[in-house]
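Here is a short briefing on one chain. Keep the sequence and the 3D view open while reading.

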Amino acid sequence: VEQTELVNLFYEVFKLKNEYFSTFNEDIKSKYRPILAKIVNVFDDDKKVYAISKLSKNIIKNTDFDKIKQKRRENYTVLHEGLSGCEILIPLFTVLEEGITPLYFTIYVHGDRTKIQNLLADNEIYCPVIWPIPKCITDYYNDDSLSHFEQILSIPCDQRYNCSDMARVVDCIK
């Protein structure tokens, strides 16, 4: 059974989110974030499996995945070339292999990752920590062997952004 109300909420959020990425109007962002948080909480409480919605099937059918792949690879390349030679940032993947479509440009930060992350956030560039150290691991390995986890940062380079956005990230970091 399709969850029409939930699908409609998702649709509303993604319309607003798309509008935000087109305009960067903070008022729009403040509208969609609470709705998105509400939706996420629904999934935390509901463990049932549902079929894909008709709307989602239609979106997938009409999505130009080749264009998405190309845009992500272009964005990744701008970051890779722009940040090459930056001594405190080392890309985790030095070559973007054929057939790979990145979501992030993942870097190893020599120094204070939080400082770089905060600098970027102050410039409205959100870089998540994708691989936090699970507590069960830190309980078992309580030495410096896991310190590299605290140095990894991921810069989004997906299709919502363009090459000038990536150049702004580079300029901000430099």
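E124 is exposed in this predicted model. Its relative accessible area is 57%, and the cut-off for exposed is over 50%. E124 sits in the loop between α5 (113–122) and α6.

**Positive phi angles**
- Most residues other than glycine have a negative phi.
- E124 is not a glycine, yet its phi is positive, at about 60°.
- F24 also departs from this pattern: its phi is about 55°, and it is not a glycine.
- F24 belongs to the loop that links α1 (4–23) and α2 (26–45).
- Its relative accessibility is 41%, so F24 counts as partly exposed.
- G85, just after α4, has a positive phi of about 85°.

**Confidence**
- Mean pLDDT over the chain is 86, and 93% of the residues score at least 70.
- Helix α6 (residues 135–140) has the lowest confidence, with a mean of 72.
- Helix α4 (residues 65–83) has the highest, at 97.
- Where pLDDT is low, the predicted coordinates should not be read in detail.

**Helix α4**
- α4 contains 19 residues. From first C-alpha to last, α4 spans 27 Å, close to the 27 Å expected at 1.5 Å a residue.
- D64 caps the N-terminal end of α4. One of the side-chain oxygens of D64 lies 3.3 Å from the backbone nitrogen of D66.
- Which residues of α4 are buried? They are I68, R72, N75, Y76, L79, G82 and L83.
- Viewed down the axis of α4, these buried residues fall within an arc of 140°, so they line one face of the helix.
- D66, K67 and E81 are exposed on the other side of α4.
- The packing partners of the buried α4 residues are β1 (89–91), β2 (104–109), β3 (152–156) and α7 (163–173).

**Nonpolar core**
- The largest nonpolar core has 30 residues.
- L79, L89, L120 and I155 touch the most other members of this core.
- Two or more core residues come from each of α1, α2, α4, β2, α5, β3 and α7.
- What does L79 contact, leaving aside its neighbours within four places in sequence? Its contacts are F105, I155, P156, C157, M166, V169 and V170.
- L79 thus appears twice: L79 is one of the buried residues of α4, and L79 is among the core residues that touch the most other members.

Note on methods: Residues numbered from 1 in each chain as written. Predicted model: local features only at pLDDT ≥ 70, side-chain atom pairs only at ≥ 80, totals over all residues. Heavy atoms only, no water. pLDDT = per-residue confidence, 0-100. Helix = DSSP H or I, 4+ residues; strand = E, 2+ residues; numbered from the N terminus. Buried < 20%, exposed > 50% of the residue type's maximum accessible area, 1.4 Å probe, protein only. Expected span 1.5 Å × (residues − 1). Arc of directions from axis to C-beta. Contact = heavy atoms within 4.5 Å. Polar contact = N/O pair within 3.5 Å; in protein donor to acceptor, adjacent residues only side chain to side chain. Core = buried A, V, L, I, M, F, W, Y, C linked by side-chain atoms within 4.5 Å.
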